[in-house]
Structures are given as C-alpha cells and as structure tokens.
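Q: Could you walk me through how to read a few features of this model? I'd like the general idea each time, and then the case at hand.
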Amino acid sequence: MTDSLQRMIEWYFFWNDLLERNVRVINSLVERCFAVIELLANEAAAMRLGDIAQKLDLQKSAAHRMLTILSEIGWVEQEPVTGFYKLTLRLAIFGQRFLSATHLTDVCQPVLEELASESSELVRMAVVQGETLTWISQVQGARNGLKYQPELVAKVQLANTANGKAYLSTLDQIDAVRIAIYDSANRPERAAVRVEEFVEELKKARNRGWAISDEEAEPGVVAVAAPIILAGVQTVGTVSVAGPSSRLTAERQKKIASAVVSTATKLGELWPLRQRQNADK
C-alpha cells in the first residue's frame with residue numbers, strides 16, 4: 001500500500017469519526033431542547049432555572065444554554081421580574097393548527113356533545129401519542145349543581161385513571177404494566193403500581209370493554225372510559241364520562257358505561273372517515 005493511499009484511508013476514518021461525533025452532539029442537543037419544551041408544557045407554569053436543571057438531570061449551565069437557544073427562536077420566554085422560564089404560545093398555536101388541519105375535533109365533537117347531553121356529566125376524549133394519552137377535547141354536560149372541572153393538563157395519568165386503564169387494557173399485559181410503572185415513576189405524587197391488583201383490573205376492563213376510576217385519580221370523582229379502536233385492532237384514543245361520586249353511583253355507572261362504549265364505537269367508525277376525507281383533498 002502506497003503512502004498516499006494510506007493517508008487517504010486515515011483521513012477518511014478521521015472525518016467519518018468526526019462526522020459521527022457531530023451528529024451525536026446535534027441529536028443530544030435536539031433531544032434536550034424537546035425535553036425542556038415537554039417539561040414546561042407539562043408544568044404549564046413558569047419555572048426556576050434550578051428546578052428545570054434538576055428535573056431534567058442537567059447541569060445549570062447546560063439547562064441555561066438550552067433555554068437561551070429556545071428563547072432566541074421564540075419557544076420560551078423569561079419573566080422579567082422573577083427570571084423564571086415559561087413556554088410562549090407558539091406551541092399552543094402550532095398544536096391548534098395541526099388539530100384543525102386533521103379535522104379530528106370537527107368530526108368527533110358532535111358525538112362527544114351527544115354523550116355529554118345524555119350523561120349530564122363531563123365528557124373527555126384523549127388520543128394515543130406514542131405510549132401516552134393526551135387530552136384533546138372535552139364537553140361539559142352538567143348544566144346545574146355540582147360540576148366536575150379538572151385541572152387543565154396535557155397528558156393523562158395512566159395507572160389510576162379510567163382513560164389510562166381503558167387504553168392499557170388493549171395492550172399486551174407486559175407492555176401495559178411496563179408503561180404504567182414508567183408513568184407512575186415520573187409522577188412522584190402518585191403511589192407505586194401494585195402489579196397483581198393492576199393486572200386484575202386490566203383483565204376486568206378488557207372483558208367488559210370499559211374501565212373505571214372510583215376516586216383513585218381524584219377524591220370524590222368517578223370516571224368511566226372506553227377505548228376507541230379502529231377495525232378491532234388499533235387503539236387510537238379513549239373517551240370518558242366523569243363526575244362527582246355523589247351522582248355517579250354504582251347503580252348509574254353501568255348505564256353510563258353502556259353509553260360510553262357506544263360512543264367509543266361511533267368514534268372508531270368516524271376515525272377512518274376522517275382519514276379518507278383528508279386523503280381526498
């Protein structure tokens with residue numbers, strides 16, 4: 001092998017290694033930026049730099065660099081008085097644009113309103129995002145008296161909510177337990193998953209087609225949910241009815257469950273229709 005060929009090979013491996021390292025650095029930077037955005041979206045409030053660094057297991061200097069980059073491109077802003085960081089409305093605007101473009105809420109909203117009118121309680125729909133559920137729509141059916149109005153959060157708690165259990169009941173048992181444990185571990189305020197009891201509850205939900213949360217997620221609140229399944233195969237979301245336990249008594253829960261399952265079936269039938277409409281445009 002000539003000296004020039006040897007040098008060419010050495011240069012090739014040098015630049016290839018350098019390129020791979022640069023790609024890894026860029027990927028890490030992108031992942032960290034999205035981690036910051038997700039954290040601020042979940043908290044839905046301004047946060048200290050130190051708290052952000054702690055929750056993401058970053059050094060303060062690294063967290064500050066991420067926040068500076070995101071501030072410069074308009075995703076994050078710093079409060080002038082406190083110095084705390086929060087998301088701008090840019091993420092919400094893009095999310096609203098995306099939902100509008102899919103026509104998902106346009107198609108499903110009348111069905112949710114029908115269930116809200118029938119149950120006279122709060123109706124909510126969540127969609128599957130990866131291995132999580134995200135709230136996207138709700139209709140308040142209670143016209144007077146005590147109304148259940150939950151805190152506005154994006155992600156659904158999985159292990160102790162009716163929607164979470166309805167979704168997990170459609171998955172393989174091992175995957176369902178793994179996802180539930182992971183979700184609970186990232187919510188320190190929630191009790192750890194008791195695997196045997198949880199598996200038994202998922203079996204019940206799978207057999208009857210709906211899940212229930214009886215004051216597990218919130219004191220005084222009962223919720224009944226069913227999975228939205230396409231062609232009996234793909235789970236795309238969940239729909240639920242929730243209200244005060246004083247109204248959603250054991251006697252009324254079965255009637256509500258029947259209406260929720262019927263609504264989930266209707267939504268499953270409408271979902272492919274939405275996809276065909278988009279494809280035709």
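Q: Which residue is the bridge partner of Gln129 in S4?
A: Here is the general idea: strands of a sheet pair through backbone hydrogen bonds, either parallel or antiparallel. In this predicted model, Gln129 has Thr132 as its bridge partner in S4. That bridge belongs to a wider pairing: strand S3 (residues 122–129) is joined to S4 by 8 bridges, and the two run antiparallel.

Q: In what order do the strands of the open sheet lie?
A: Reading across, the order is S4-S3-S7-S6-S5, which makes an open sheet of 5 strands with antiparallel pairing. At the edges sit strand S4 (132–140) and strand S5 (211–214), each of which pairs on one side only. On average, neighbouring strands in this sheet are turned by 20 degrees against each other, direction ignored.

Q: How many bridges join S5 to strand S6?
A: There are 4 bridges between S5 and strand S6 (residues 221–230), and these strands run antiparallel too. As an example, Ser213 has Ala223 as its bridge partner in S6. The hairpin of S5 and S6 has 6 residues between the strands, and Glu215 there takes a positive phi near 65 degrees.

Q: Let's turn to a single side chain. Is Thr238 buried or exposed?
A: A general point helps first: in a regular strand the side chains alternate between the two faces of the sheet. Thr238 lies in strand S7 (residues 234–244). Thr238 is buried, because its relative accessible area is 0%, and the cut-off for buried is under 20%.

Q: Which residues is Thr238 in contact with, leaving aside its neighbours within four places in sequence?
A: Among them are Arg124, Met125, Ala126, Leu133, Ala166, Tyr167 and Ile228. Asn163 is also one of the contacts, and a polar contact of 2.8 Å joins the side chains of Asn163 and Thr238.

Q: Now for a helix. Why do the buried residues of H3 line one face of the helix?
A: The way to read this is to look down the axis. In H3, the buried residues are Ala62, Ala63, Met66, Leu67 and Leu70. Seen down the axis of H3, these buried residues fall within an arc of 135 degrees, so they line one face. Lys60 and Glu72, on the other side of H3, are exposed.

Q: What span should helix H3 have, and what does the model show?
A: At 1.5 Å a residue, the 13 residues of H3 (residues 60–72) should span 18 Å, and the end C-alpha atoms are 18 Å apart, which agrees. Just after H3, Gly74 takes a positive phi of about 90 degrees.

Definitions and conventions: Residues numbered from 1 in each chain as written. Predicted model: local features only at pLDDT ≥ 70, side-chain atom pairs only at ≥ 80, totals over all residues. Heavy atoms only, no water. Pairing = 2+ DSSP bridges. Axes fitted to C-alpha atoms, helices over the stretch in contact; angles between N-to-C directions. Buried < 20%, exposed > 50% of the residue type's maximum accessible area, 1.4 Å probe, protein only. Contact = heavy atoms within 4.5 Å. Polar contact = N/O pair within 3.5 Å; in protein donor to acceptor, adjacent residues only side chain to side chain. Expected span 1.5 Å × (residues − 1). Arc of directions from axis to C-beta.
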